[in-house]
Amino acid sequence: MAKSEKNNEQHHTTVVTEKTLKFFEKYINNPSPTGYEWEGQRLWLDYIKPYVDETFTDHYGTAVAVINPEASYKVVIEAHADEISWFVNYITNEGLLYVIRNGGSDHQIAPSKRVNIHGEKGIVKAVFGWPAIHTRGGEKEEAPSLKNIFLDCGCTSKEEVEALGIHVGSVITYEDEFMVLNDRYYVGRALDNRAGGFMIAEVARLLKENKKKLPFGLYIVNAVQEEVGLRGAEMITQTIKPNAAIITDVTHDTQTPMINKVTQGDLACGKGPVVSYAPSVQINLNKLLIDTAVERGIPFQRQASSRVTGTDTDAFAYSNGGVPSVLVSLPLRYMHTTVEMIHKEDVDNVIRLIYEVLLKINPSQDFRSFAN
């Protein structure tokens with residue numbers, strides 16, 4: 001059992017229910033590639049609406065659910081909704097398709113993967129082809145790269161491909177879907193970061209079911225386009241103009257082979273949410289986060305970032321003259337693959353931590369370390 005920094009035994013509190021897990025599975029399995037997040041956002045809004053007072057979206061698809069919309073003091077809890085994917089970049093005369101990244105897609109995992117091409121006439125099935133081992137002769141094998149991975153959708157000409165509704169710019173997602181591994185891990189593609197969207201929606205559910213009244217407006221934000229530079233967060237923070245923000249995203253579990261703990265830190269799935277230290281993380285709001293975890297017996301881990309967190313925290317922190325922001329991360333194995341893994345107890349504990357911190361925020365709080 002995980003221990004807090006006071007070395008007290010922790011009793012795990014389960015938050016995710018059988019009913020909410022069904023939504024999580026449906027939400028993960030639904031494709032929401034960067035720039036095309038609408039279907040996933042509809043699912044998310046339908047799920048969260050019973051727990052909030054109002055909802056809205058912006059022009060690019062960021063979805064926001066609000067509790068106490070009339071309040072002048074505004075707190076954001078945020079995740080991002082988009083998943084990495086590919087774009088069709090070139091169609092050969094023989095009917096094969098070459099691709100470019102939409103977000104940080106990993107070319108090394110592509111060969112032999114099954115995909116969905118989102119064409120104008122609907123989904124077209126395809127596979128990433130790769131030469132058979134028997135044909136890859138020579139002293140040095142060629143590794144997968146953007147120059148040599150390609151899609152085969154069973155066509156024999158460019159015209160046949162185009163007749164299926166596929167064109168340059170068609171977006172491509174992997175087929176892989178959600179599963180539970182050894183009754184311990186949730187596994188699937190796009191847990192980075194639709195797990196975050198699920199967790200902040202669960203915070204809204206807990207507030208509603210426990211009849212908690214917040215003394216501020218709570219803006220539950222599921223932002224788009226994080227995977228291409230925090231763009232959705234940049235846009236929505238200018239719209240909301242929050243007074244404080246709690247961001248959740250994933251971070252690397254570093255316990256598996258080929259990861260250097262000296263450079264990547266010592267973090268593990270199952271040992272609790274990860275609290276970050278970085279220039280964009282406001283120190284006093286972060287202290288409130290840590291003090292709450294200790295007080296409520298929620299296990300947590302620590303991570304340091306050199307210059308930026310690489311998450312939407314940076315976009316919120318440096319907006320609107322500076323917004324006190326913190327990052328609560330979910331440890332994850334095999335990021336940007338189709339078998340991302342997160343621990344069930346970590347999901348519960350991220351939800352609990354954000355929920356408990358919200359109950360401690362007071363609109364009269366001044367997070368400055370000193371004032372003239």
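**Helix packing, pockets and backbone geometry**

Asn 193 lies in helix 4, and this residue is a convenient place to enter the structure, which is a predicted model. The peptide bond that leads from Asp 192 to Asn 193 is cis, with an omega near 5°. Most peptide bonds are trans, and a reader who inspects the backbone may therefore wish to look at this bond first.

Helix 4, which spans residues 191-209, packs against helix 2, formed by residues 38-48, at an angle of about 15° and with the two axes 10 Å apart. Since angles under 35 degrees count as roughly parallel, helix 2 is therefore roughly parallel to helix 4. The crossing in which helix 2 passes helix 4 is right-handed. On the side of helix 2 the contact is made by Trp 44, Tyr 47 and Ile 48, while helix 4 contributes Gly 197, Ile 200, Ala 201, Glu 202, Ala 204 and Arg 205. Sorted by class, the residues of this contact between helix 2 and helix 4 comprise six nonpolar, one polar and two charged.

From the helices the description turns to empty space. Rolling a probe the size of a water molecule over the atoms shows where such space is left. The largest pocket has a volume of about 410 Å³, and its lining consists of 24 residues, among which Val 250, Thr 251, His 252, Gln 303 and Thr 309 lie nearest the centre. At least two residues of the lining of the largest pocket are supplied by each of strand 13 (244-252), helix 6 (261-264), strand 15 (301-304) and strand 16 (325-332), and strand 13 provides the largest share, with four residues. The lining of the largest pocket divides by class into five nonpolar, 14 polar and five charged residues.

The second largest pocket holds about 210 Å³ of space. Its lining is made up of Tyr 51, Val 52, Asp 53, Ile 67, Asn 68, Leu 207, Lys 208, Lys 211, Lys 212, Lys 213 and Leu 214. By class, the lining of the second largest pocket has five nonpolar residues, one polar residue and five charged residues.

A further backbone feature is found in the loop between strand 13 and helix 6, where Met 258 lies. Most residues other than glycine have a negative phi, whereas Met 258, although it is not a glycine, has a positive phi of about 70°. Strand 13 and helix 6, the elements on either side of this loop, are also among those that each supply at least two residues of the lining of the largest pocket.

How values were computed. Residues numbered from 1 in each chain as written. Predicted model: local features only at pLDDT ≥ 70, side-chain atom pairs only at ≥ 80, totals over all residues. Heavy atoms only, no water. Axes fitted to C-alpha atoms, helices over the stretch in contact; angles between N-to-C directions. Parallel < 35°, antiparallel > 145°, perpendicular 65-115°, else oblique. Left-handed = near helix turned anticlockwise from the far one by under 90°. Contact = heavy atoms within 4.5 Å. Nonpolar A, V, L, I, M, F, W, Y, C, P; charged D, E, K, R; others polar. 1 Å grid on protein atoms, 1.4 Å probe; cavity = no way out; pocket = protein on both sides within 12 Å on 5 of 7 lines; lining within 4 Å. Points joined across faces, edges and corners; volume = space filled by probe spheres on them.
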